[in-house]
Amino acid sequence: MERNIDPFLKRQLLIARDLSDEDFTNLKFLCQSFIPEGTLEDLSTPQKLFTELRHIGLLSDEKTETLASLLFHVGRSDLRNLLLGIEGNYVWQLTLRFQIV
């Protein structure tokens, strides 16, 4: 019996695998306004960062704006497009906005 893996989690894994150490460090830097410093320090992988974003309500299949904006601002429009399901090299101008819940 084959189990179905959530397509959104698969996309997050693909994105996590393609992030460089510098990309990940920059993502964490941008998350300082909505993830406490102590928690950020404990996030040692992109997967853990994505899990934390899900936990605080900033990432879900229907709520991708925050991660899309973060990826755009660290120069990874390719991964942003993957997250959003956009084909090719099309780039939108995004504004970095965060709402603390």
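Helix α1 and helix α4 (residues 46–55) cross at roughly 140°, and their axes come within 9 Å. That angle makes the two helices oblique to each other, since it falls short of the over-145 range that counts as roughly antiparallel. Keep in mind that this is a predicted model. Its mean pLDDT is 88, with 84% of the residues at 70 or more. The weak spot is residues 90–96, where the pLDDT is below 50.

**α1 against α4**
- α1 passes α4 in a right-handed crossing.
- On the α1 side, the contact uses L9, Q12, L13, I15 and A16.
- On the α4 side, P46, Q47, F50 and R54 do the job.
- Sorted by class, the residues of this contact come out as 6 nonpolar, 2 polar and 1 charged.

**α1 against α6**
- α1 covers residues 7–18 and α6 covers residues 77–84; their axes sit 9 Å apart, at an angle of about 170°.
- With that angle, α1 runs roughly antiparallel to α6.
- F8, R11, L14, I15 and D18 of α1 meet D78, L79, L82 and L83 of α6.
- This contact has 6 nonpolar and 3 charged residues, and no polar ones.
- I15 is worth a look on screen: it belongs to the α1 contact with α6, and it also turns up in the contact with α4.

**α5 against α6**
- The axes of α5 and α6 come within 7 Å and cross at roughly 160°.
- These two helices are therefore roughly antiparallel to each other.
- Their crossing is left-handed.
- α5 brings L67, A68, L71 and F72 to the contact, while α6 brings S77, L79, R80, L83 and L84.
- The class count here is 7 nonpolar, 1 polar and 1 charged.
- L79 and L83 of α6 appear in this contact with α5, and both are also part of the contact with α1.

**Salt bridges**
- The structure holds 4 salt bridges.
- One of them joins the side chains of D61 and R11, at 3.3 Å from N to O.
- D61 is in the loop between α4 and α5 (65–73) and R11 is in helix α1, so the pair ties together parts that are 50 residues apart in sequence.
- R11 is also one of the α1 residues in the contact with α6.

**Where to be careful**
- Residues 90–96, with pLDDT below 50, still have 18 contacts in the model beyond near neighbours in sequence.

Definitions and conventions:
Residues numbered from 1 in each chain as written. Predicted model: local features only at pLDDT ≥ 70, side-chain atom pairs only at ≥ 80, totals over all residues. Heavy atoms only, no water. pLDDT = per-residue confidence, 0-100. Contact = heavy atoms within 4.5 Å. Axes fitted to C-alpha atoms, helices over the stretch in contact; angles between N-to-C directions. Helix = DSSP H or I, 4+ residues; strand = E, 2+ residues; numbered from the N terminus. Parallel < 35°, antiparallel > 145°, perpendicular 65-115°, else oblique. Nonpolar A, V, L, I, M, F, W, Y, C, P; charged D, E, K, R; others polar. Left-handed = near helix turned anticlockwise from the far one by under 90°.
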